[in-house]
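Subject: A structure for you to look at

Hello,

Here is the structure I promised to pass on to you. Please open it beside this email, and then read on for what I found in it.

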Amino acid sequence: MNRADPAASSVLDRVLVLEMVRVTEAAAIAASKWIGRGDNDAADAAAVEAMRMALNELPFCGTVVIGEGERDEAPMLYIGEKVGCAQESGPGIDIALDPLEGTTLTANAGPNALAVLAIAEEGCLLNAPDTYMEKLAIGPGYPEGTIDLRKSPADNVRAIAAAKGVQPGEIIACVLDRPRHEKIIAQLREIGCGIKLIPDGDVAGVIATADPDTGIDVYMGTGGAPEGVLAAAALRCVGGQMHGRLVFRNDDEVSRARRWGIEDLERIYHLEDMATGDCIFAATGVTDGSLLEGVHRRKGCVTTQSIVMRASSGTIRRVSTEYHDLKHRGL
């Protein structure tokens with residue numbers, strides 16, 4: 001992976017910061033029409049198409065490195081797809097995206113569904129295959145090396161508690177509510193650690209570790225590898241530590257990883273292995289959640305709330321947008 005200078009990139013012009021918000025807003029608004037309708041596929045398809053159209057209006061040469069699967073499996077925004085309207089002359093940019101992180105959440109009108117993307121210079125985002133990743137993440141302010149994915153969940157909580165100057169029982173861990181996490185949950189409860197179980201949305205779960213208002217100290221567990229790269233891009237902007245290790249369930253997933261140049265199947269990736277150099281992360285709420293409010297439709301108006309971050313400047317912007325003239329905009 002290319003190690004770009006962490007200073008502000010000449011490729012990632014600051015204009016792109018707000019352009020990324022417009023892209024995630026478009027996906028979130030499109031998906032919001034399917035909130036509570038019980039149709040995961042329709043919600044996802046609406047978000048994908050809207051995000052694709054918005055990306056193709058931008059004057060850059062973008063390549064999707066984290067997307068909706070490989071070309072033969074996804075009609076739009078597949079890994080390797082080119083987007084942007086300046087393929088011959090525009091700056092080369094890698095894109096990681098999840099047009100609808102939380103399809104089931106959206107279909108069931110649950111909390112924390114997001115439209116998410118991250119961009120970086122070419123070679124600065126891990127080409128993670130569409131498989132699972134074991135993740136461990138904390139926010140800023142801890143000594144380097146506080147967490148270690150090779151250690152048990154209990155030992156990691158003890159290390160975090162020691163670094164924070166509290167008892168393990170005062171630590172709150174965020175974990176996806178899945179049967180595969182039963183052992184993690186049992187270990188944490190044995191040492192008195194508090195647990196916030198979430199039904200979906202592990203990008204928001206990782207970001208929550210960097211927000212003191214959430215009360216979450218650590219994220220741990222196994223979720224999607226693409227979401228792991230997106231979460232790493234967000235932490236690169238706000239600070240923190242993250243470890244990830246790919247989890248392969250069958251030979252097909254191993255072959256897929258090798259097609260993307262991954263040979264060390266046991267490697268533990270650190271934060272800057274997954275997202276390095278300057279990068280921009282943007283997310284717009286689809287449904288209301290702890291990170292962002294969702295899309296709301298009022299008479300003659302659609303409102304959105306987004307967050308956009310940039311690694312080189314360490315800036316975090318919260319953007320509230322009102323869309324009027326809905327008929328003209330097709331909203």
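Let me begin with one residue, T284, which is buried, with a relative accessible area of 0%. You will find T284 in strand β11, which covers residues 279-285. The side chain of T284 is joined to the side chain of S306 by a polar contact of 2.6 Å. Before going further, please keep in mind that this is a predicted model.

Strand β13 (residues 301-310) holds M309, and T303 lies in β13 as well. M309 counts as buried because its relative accessibility is 3%, under the 20% cut-off. T303, at 13% relative accessibility, also counts as buried. Two distances may help you find your way around here. Between T303 and Y323, 20 residues apart along the chain, the C-alpha atoms are separated by 6.2 Å. Between M309 and D39, 270 residues apart along the chain, the C-alpha separation is 31 Å.

D39 brings us to helix α2. At the start of α2, a side-chain oxygen of D39 comes to within 3.3 Å of the backbone nitrogen of D41. The helix itself runs over residues 40-55, and at 1.5 Å a residue its 16 residues should span 22 Å; the C-alpha atoms at its ends are 23 Å apart, which agrees. Which residues of α2 are buried? They are A42, A43, D44, A47, V48, A50, M51, A54 and L55.

The other helix to look at is α7. Its 14 residues should span 20 Å at 1.5 Å a residue, and its end C-alpha atoms are 20 Å apart, so expectation and model agree. Of these 14 residues, 13 are buried, so α7 is largely enclosed by the rest of the structure. After α7 comes G239, whose phi is positive, near 95°.

Now for the interior. The largest nonpolar core has 50 residues, and the members that touch the most others are M242 and F281. Which helix gives the most to this core? Helix α7 (residues 225-238) does, with nine residues. There is also a second, separate core of 39 residues, with A27, I29, L100 and I280 among them.

Next, the open space. The largest pocket contains about 650 Å³ of space. It is lined by 29 residues, and those closest to the centre of the pocket are D98, T103, D130, G224 and E227. The elements that give two or more residues to the lining are α2, β3 (92-101), α3 (103-107), β8 (218-224) and α7. With four residues, β3 gives the most to the lining of this pocket. What classes of residue make up the lining? There are seven nonpolar, ten polar and twelve charged residues.

Finally, a few places in the loops are worth a visit. Most residues other than glycine have a negative phi. Against that background, look at the loop between α3 and β4 (114-121), where A109 is placed. A109 is not a glycine, yet it has a positive phi of about 60°. N112 has its place in the loop between α3 and β4 too, and N112 has a positive phi of about 75° although it is not a glycine. Are these two residues buried, exposed or partly exposed? A109 counts as partly exposed, at 47% relative accessibility, whereas N112 is buried, with a relative accessible area of 16%.

One more loop residue is G201, found between β7 (194-198) and α6 (202-208). At 9% relative accessibility, G201 counts as buried. The C-alpha atoms of G201 and S255, 54 residues apart along the chain, lie 27 Å from each other.

If you would like a short route through the model, start at the contact between T284 and S306, go on to M242 and F281 in the largest nonpolar core, and end at D98, T103, D130, G224 and E227 around the centre of the largest pocket.

Happy exploring, and best wishes!

Definitions and conventions. Residues numbered from 1 in each chain as written. Predicted model: local features only at pLDDT ≥ 70, side-chain atom pairs only at ≥ 80, totals over all residues. Heavy atoms only, no water. Core = buried A, V, L, I, M, F, W, Y, C linked by side-chain atoms within 4.5 Å. Buried < 20%, exposed > 50% of the residue type's maximum accessible area, 1.4 Å probe, protein only. Expected span 1.5 Å × (residues − 1). Polar contact = N/O pair within 3.5 Å; in protein donor to acceptor, adjacent residues only side chain to side chain. 1 Å grid on protein atoms, 1.4 Å probe; cavity = no way out; pocket = protein on both sides within 12 Å on 5 of 7 lines; lining within 4 Å. Points joined across faces, edges and corners; volume = space filled by probe spheres on them. Nonpolar A, V, L, I, M, F, W, Y, C, P; charged D, E, K, R; others polar.
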